[in-house]
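Visitor: I should like to learn how to read salt bridges, cysteines, pockets and cores in a structure. May we take them in turn?

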Amino acid sequence: AAAALEKGIADENTMFVCNGYEEINGIRINCSKEEGHGEINFRDAFAKSCNSAFIQLGILTGGNEILDMAKAFGVGERAFQGKLEEKTGILPGIQDIYGAGMGNLSIGQGKLLITPAQAARITAIIAAGGIDHGLSLIQGTTDGGEIEYLKKQDPRRVITKETASLITDLMVDTVNYGTANNLSGAGVTIAGKTGSAEASYHGKMVVHGWVTGFFPAEEPKYVITVFVE
């Protein structure tokens, strides 16, 4: 979404057609809605996690642009500062995004692997208006007296404030009427995004659940990312 918006490939009103699946080189990738969403705009496609629309959007945007944006968000590198035993995840290479691989990249499947910390960092960048302030597992230390705060990384802009604002609006829609609508009614405006991660567990295919978001959406104070095995 960020890559497409930054490149001017799409806006919230760009239309797509979802038939319930996309087929690339003979490989079918199903949408979250088996019968399809029909004609759907980008805004609703985001809220309702329409795989078909995002695969079409990914093809329009281009694999290189998506990978570059993922790197800018910190995918494929450790999210926390300091020497922690933290996984880096996997960002697919350019050789992995041809054919059906392009479809997988567009919806976060295939070889792409991220950690909850990386998802939280991405969410925090959006919440901060497009600026990456980095993550610290420990804010500071004390010997019982004055707190010594750890040095934080220098802030860097990842996406424009306008793009971050629109994605925030799309995440609010996701909570208000989309796939995260069970979070609505909390008495505070929440911006959120759900995800489903396919994996193998003891030889059986399983689906893990994701939700990440922040609140209050207007003036964010907290980012929360949950991964359910």
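Guide: Let us begin with one pair: the side chains of R43 and D173 meet in a salt bridge, with 2.4 Å from N to O. R43 lies in helix α2 and D173 in helix α7 (residues 161-177), so this pair ties together parts that are 130 residues apart in sequence. Please bear in mind that the model is a predicted one.

Visitor: Is D173 buried or exposed?

Guide: D173 is buried, with a relative accessible area of 11%.

Visitor: Which other salt bridge does R43 form, and how far apart in the chain are the partners?

Guide: The side chain of R43 also meets that of E12, at 2.2 Å from N to O. Here R43 belongs to helix α2 (residues 42-47), while E12 sits in the loop between α1 (2-6) and β1 (15-18), 31 residues apart. E12 counts as partly exposed, at 28% relative accessibility.

Visitor: How many salt bridges does the whole structure contain?

Guide: A search of the whole structure finds 6. One of them joins the side chains of D96 and K111, at 3.1 Å from N to O. D96 lies in the loop between α4 (63-72) and α5 (100-106), and K111 in the loop between α5 and α6 (116-127), so the pair ties together parts that are 15 residues apart in sequence. D96 is partly exposed, with a relative accessible area of 22%, whereas K111 is exposed, at 52%. In addition, salt bridges that share partners join E77, R121, D132 and R156 into one network.

Visitor: How should I read the cysteines? What is the count of disulfides?

Guide: As a general idea, a disulfide is a covalent bond between the sulfur atoms of two cysteines. In this structure the count comes to 0 disulfides. C18 is in no disulfide, and the nearest cysteine sulfur, that of C50, is 3.7 Å away. The cut-off for a disulfide is a pair of sulfur atoms within 2.5 Å. C50 likewise is in no disulfide, its nearest cysteine sulfur being that of C18.

Visitor: Are C18 and C50 buried or exposed?

Guide: C18 is buried, with a relative accessible area of 3%. C50 is buried too, at 0%.

Visitor: Where does C50 appear in the nonpolar core, and which helix gives the most to that core?

Guide: In soluble globular proteins, nonpolar side chains tend to be buried together. The largest nonpolar core here has 40 residues, and C50 is among those with the most contacts inside it, as are F42, L57, F73, I159, I167 and M171. At least two residues of this core come from each of α1, β1, α2, α3 (51-61), α4, α5, α6 and α7. Helix α7 gives the most, with 6 residues.

Visitor: How should a pocket be described? What is the volume of the second largest one, and which residues are the closest to its centre?

Guide: One may state its volume, then its lining. The second largest pocket has a volume of about 430 Å³. It is lined by 19 residues, of which A124, H133, G134, L135 and K152 are the closest to its centre.

Visitor: Which elements supply this lining, and what is its make-up by class?

Guide: α6, β5 (131-132) and β11 (222-228) each supply at least two residues of the lining of the second largest pocket. Among the elements, α6 gives the most, with 5 residues. By class, the lining has 11 nonpolar, 4 polar and 4 charged residues.

Notes:
Residues numbered from 1 in each chain as written. Predicted model: local features only at pLDDT ≥ 70, side-chain atom pairs only at ≥ 80, totals over all residues. Heavy atoms only, no water. Salt bridge = Lys/Arg side-chain N within 4 Å of Asp/Glu carboxyl O. Helix = DSSP H or I, 4+ residues; strand = E, 2+ residues; numbered from the N terminus. Buried < 20%, exposed > 50% of the residue type's maximum accessible area, 1.4 Å probe, protein only. 1 Å grid on protein atoms, 1.4 Å probe; cavity = no way out; pocket = protein on both sides within 12 Å on 5 of 7 lines; lining within 4 Å. Points joined across faces, edges and corners; volume = space filled by probe spheres on them. Nonpolar A, V, L, I, M, F, W, Y, C, P; charged D, E, K, R; others polar. Core = buried A, V, L, I, M, F, W, Y, C linked by side-chain atoms within 4.5 Å.
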